[in-house]
Amino acid sequence: MKVLVCDDSRVMRQIVVRTLRQAGFDGVDVVEATNGAEGLDVVAAERPDLVLSDWNMPELTGIDFLSHLRARGDATPFGFVTSEGSTEMRDRAAAAGALFLIAKPFDADTFAETLAGVL
């Protein structure tokens, strides 16, 4: 299994990877991208089994990243791990094809419960 963690913050990418490991997914290969535009390239090159993306990023936001993937026919499972989780954001994410939106604060239990059916 391979997971793409896409976030413009290096520290946040590290936190997401650490939480993923703490949730019991320590055998998962992780690749990283710093924004949605780079994420599109990484998805094409690495073919991850899941994308965990921030919502707010420079160049291409997370929701635009997801929209571009779906527009090119890519059905890679996609979820958001982000600082906000309003009802509007959750609705937009679901409408665009996201499987879930995990908002801060989150912990390993949240990751384990949310990702159990995905990974």
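Q: What makes the crossing of H2 and H3 right-handed rather than left-handed?
A: Picture one helix lying in front of the other. In this predicted model, the crossing of H2 and H3 is right-handed, because that is the word for a near helix turned clockwise from the far one by less than a right angle. The helices in question, H2 (residues 36–46) and H3 (residues 62–71), pack at about 35°, with 9 Å between their axes.

Q: How do you know which residues make the contact between H2 and H3?
A: You look for heavy atoms within 4.5 Å. On the H2 side that picks out Gly-36, Gly-39, Leu-40 and Val-43, and on the H3 side Phe-65, His-68 and Leu-69.

Q: How many residues in the contact of H2 with H3 are nonpolar, polar or charged?
A: There are 4 nonpolar, 3 polar and no charged ones. Watch out for glycine: Gly counts as polar here, so Gly-36 and Gly-39 go in that class.

Q: Why are H3 and H4 called roughly parallel?
A: Check the angle. The axes of H3 and H4 (residues 87–96) cross at roughly 15° and come within 10 Å. Anything under 35 degrees counts as roughly parallel, so H3 and H4 get that label. Their crossing is left-handed.

Q: Which residues of H3 and H4 meet?
A: From H3 you get Ile-63, Leu-66 and Arg-70, and from H4 Arg-92, Ala-93 and Ala-96. Sorted by class, that's 4 nonpolar, no polar and 2 charged.

Q: Why does Leu-66 count as buried or exposed?
A: Leu-66, which is found in helix H3, has 0% relative accessibility. Buried means under 20%, so Leu-66 is buried. Leaving out residues up to four places away in sequence, Leu-66 touches Phe-78, Phe-80, Ala-93, Ala-96, Gly-97 and Ala-98. Zooming out, buried residues make up 46% of the 119 residues in the protein.

Q: How do you know whether the radius of gyration of the protein agrees with a compact globule?
A: Set the two values side by side. A compact globule with 119 residues would come out near 14 Å, and the protein has 13 Å, so they agree. The C-alpha atoms fill a box of roughly 35 × 35 × 25 Å along the principal axes.

Q: What secondary structure does the protein have, and in which order do the elements run?
A: There are 5 helices and 5 strands, and from the N terminus they go β-α-β-α-β-α-β-α-β-α.

Terms used. Residues numbered from 1 in each chain as written. Predicted model: local features only at pLDDT ≥ 70, side-chain atom pairs only at ≥ 80, totals over all residues. Heavy atoms only, no water. Axes fitted to C-alpha atoms, helices over the stretch in contact; angles between N-to-C directions. Helix = DSSP H or I, 4+ residues; strand = E, 2+ residues; numbered from the N terminus. Parallel < 35°, antiparallel > 145°, perpendicular 65-115°, else oblique. Buried < 20%, exposed > 50% of the residue type's maximum accessible area, 1.4 Å probe, protein only. Rg over C-alpha atoms; globule rule 2.2 N^0.38 Å.
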